[in-house]
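The exercises below are meant to be worked through with the sequence and the model side by side. Try each task before reading its solution.

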Amino acid sequence: MISLLSIFWMDESRGQSVEELNNNNISLEYHEVIDIYTQLDAKYSNASLQVIGTTDIGRPLHLFVINKHEIFEPADISRERSRVLYVNNGIHPGEPDGIDASVRFATALLENANQLPGNLVVCIVPVFNIGGALNRGCCSRANQNGPKEYGFRGNARNLDLNRDFIKCESTNTQSLVKSIRAWDPDVFIDTHVSNGADYQYTMTLLTTQLDKLGGELSGYLRNSMLPKLYSSMENSGNEMIPYVNTKMYGSDPRTGLYDYMETPRYASGFCALFGTIAFVTETHMLKPFNDRVDATLAFLRSVQEYMQEHGADVSKLRKQWKNDFASRSTLALKYTVDSTKYHRISFKGFESFQKKSPVTDLPQIYYNNKRTYNDSTNYYNYANSSNSVNVPSYYIIPVAWKEVAEKLKNCGIKVERLERDVTIEAGIKFVTEYKTVPKPYEGQYLHSNIKSEMRVEKVRYYKGDYKISTAQPGVRYIVETLEPEAEDSFFAWGYFDGILQQKEWFSAYVFDGYAEKMLKNDKQLKGEFGQMKKNDPDFAGDAFSQLYFLYKRSPLFERSLNRYPVGMIYK
Ligand SMILES: [Zn+2]
């Protein structure tokens with residue numbers, strides 16, 4: 001039997017409503033969350049609990065959909081009539097506020113079913129990182145003020161799922177990304193708990209970086225939607241401020257707040273590539289758990305109410321955004337916060353002070369939460385773009401790199417296959433520089449600072465190779481993943497590492513004679529080689545280096561080294 005108490009769920013095993021559990025510093029366990037949604041699904045025809053795929057721990061990934069019109073498949077929903085709000089919880093199960101808040105949010109919406117919005121579909125992922133949620137304990141969130149028990153950040157493969165949205169290594173992310181792309185949400189919310197500086201606010205909000213999002217949509221968000229959401233939160237008694245990201249981690253917020261540049265590896269950065277307005281709620285870890293859940297719930301309601309009233313504007317601007325980006329001839333690959341452009345925002349903080357740490361004997365910042373202040377601080381929320389590339393008409397991915405094509409397909413990108421062998425003039429990039437992390441980062445040897453040179457080549461492609469047109473709504477995702485220099489490109493994530501290793505070498509005692517002829521026939525090369533020997537004593541004393549220098553410049557040297565195999569076709 002199910003029983004509902006007021007708007008809050010009564011947990012029969014404990015005899016407490018979800019609100020009471022939260023007040024007692026208890027967050028729902030994974031199986032309790034799923035039980036509640038299962039029973040809501042059984043009780044209300046306006047709700048459906050669906051399985052949207054599997055996860056690394058082998059449990060199904062669920063999505064709870066609330067729709068007044070009782071339509072629960074994204075393809076069947078009229079986007080003229082209904083907007084979509086998509087809430088993701090438990091990406092970091094040690095930060096469970098949204099898990100509990102969403103249960104209360106959904107229950108309250110359904111209990112007042114006659115007031116359910118007809119123009120808004122609400123999708124909730126009850127718990128995304130199920131493996132992490134099952135790995136429950138008391139202590140992995142050092143310093144966090146409750147709940148008593150919570151899950152662990154890493155998933156069943158010890159991956160941080162909020163870095164997995166491009167590489168999609170975990171089954172959890174593969175399932176979620178497919179669902180997000182099928183729903184194409186107007187607004188996406190990822191719920192978290194933040195650490196860092198101390199201040200008076202319970203809720204801070206990370207909005208997808210506005211200049212990176214671009215288009216008229218970003219101006220609307222900056223000037224219309226965000227001010228309304230901030231004031232709605234204030235009116236509900238949950239005044240919030242932008243996510244407290246200081247220039248140097250751990251600095252006093254009075255030094256200024258800077259937009260966090262969430263690249264597409266993050267859930268919000270990924271969603272923004274498709275023109276979805278993405279928010280990350282970051283409650284403050286030192287505030288009591290129940291206050292944090294209340295603040296998260298208040299934000300979900302604020303967005304829901306905003307979308308009921310203004311959803312048509314958002315939807316119109318998103319349509320424009322998609323058309324705008326699909327027709328751009330260049331796209332920037334990098335955005336950097338402008339440290340010269342800011343405005344003042346009011347800031348209610350705690351006085352900080354420096355003191356010598358008794359442990360390290362070094363200066364350390366501390367906050368005195370008895371000494372509050374009401375001041376203002378600089379907020380840097382503009383960004384400059386750089387590293388623009390010309391957008392090709394299409395890319396060709398040779399079938400040898402099929403896992404990359406599969407990742408594109410999983411994100412709903414239209415991928416065609418070549419029907420016959422062809423020779424095409426293509427832009428081919430040769431990677432000239434990159435750095436690699438010394439230890440694995442999120443399961444990969446991530447590359448950064450990638451530079452390349454493009455050459456135009458006549459390239460033979462084969463039947464079955466993948467052709468990806470950029471004239472489609474996912475163009476920003478396509479460009480960000482297939483241009484190797486982009487921070488979260490598939491190249492950066494190591495999917496093309498095979499090209500970075502030389503396959504053939506030379507035998508010095510044979511090549512020596514060939515090299516001698518090269519120098520005899522090429523005066524310029526001879527001059528360059530002579531200068532190198534003269535200026536660089538190491539080079540002059542190293543026979544192998546000298547021969548290798550010439551080998552690389554000979555026609556014997558392989559053309560495939562550092563040759564990025566994805567062709568760029570411009571026409
Ligand atoms: Zn988090």
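**Exercise 1.** In which loop, between which two helices, does asparagine 25 lie?

*Solution.* Begin by noting that this is a predicted model. Asparagine 25 is found in the loop that runs between helix H1 (18-23) and helix H2 (30-43). Next, look at the backbone, where phi of asparagine 25 is near 70°, a positive value in a residue other than glycine.

**Exercise 2.** Find the residue that a cis peptide bond joins to glycine 146, and place this residue in the chain.

*Solution.* The partner of glycine 146 in the cis peptide bond is proline 147, with omega at about 0°. Proline 147 is then placed in the loop between helix H4 (130-134) and helix H5 (171-183).

**Exercise 3.** Explain why the salt bridge between glutamate 80 and lysine 319 ties together parts that are apart in sequence.

*Solution.* Side chains of opposite charge can pair when their charged atoms come close. In the salt bridge of glutamate 80 and lysine 319, the distance from N to O is 3.1 Å. Glutamate 80 belongs to the loop between strand E5 (60-66) and strand E6 (83-88), while lysine 319 belongs to helix H9 (residues 289-326), so the pair connects parts that are 239 residues apart in sequence. Over the whole structure, the search finds 30 salt bridges.

**Exercise 4.** Which residues form a positive surface patch, and which helices each supply at least two of its residues?

*Solution.* The patch is formed by Lys517, Lys520, Lys523 and Lys526. Helix H12 (508-521) and helix H13 (523-535) each supply at least two of the patch residues, and lysine 526 is found in helix H13.

**Exercise 5.** What volume does the largest cavity have?

*Solution.* The count comes to 2 cavities of 30 Å³ or more, and the largest cavity has a volume of about 80 Å³. Its lining includes Ser27, Tyr30, Pro93, Arg136 and Tyr150.

Methods: Residues numbered from 1 in each chain as written. Heavy atoms only, no water. Patch = residues over 30% accessible without salt bridge, like charges linked within 9 Å, V, L, I, M, F, W, Y side chains within 5 Å. Areas by Shrake-Rupley, 256 points an atom, 1.4 Å probe, with all protein chains shown as cover. Salt bridge = Lys/Arg side-chain N within 4 Å of Asp/Glu carboxyl O. Lys, Arg positive; Asp, Glu negative; His and termini not counted. Charge placed at Lys NZ, Arg CZ, Asp CG, Glu CD. Helix = DSSP H or I, 4+ residues; strand = E, 2+ residues; numbered from the N terminus. 1 Å grid on protein atoms, 1.4 Å probe; cavity = no way out; pocket = protein on both sides within 12 Å on 5 of 7 lines; lining within 4 Å. Points joined across faces, edges and corners; volume = space filled by probe spheres on them.
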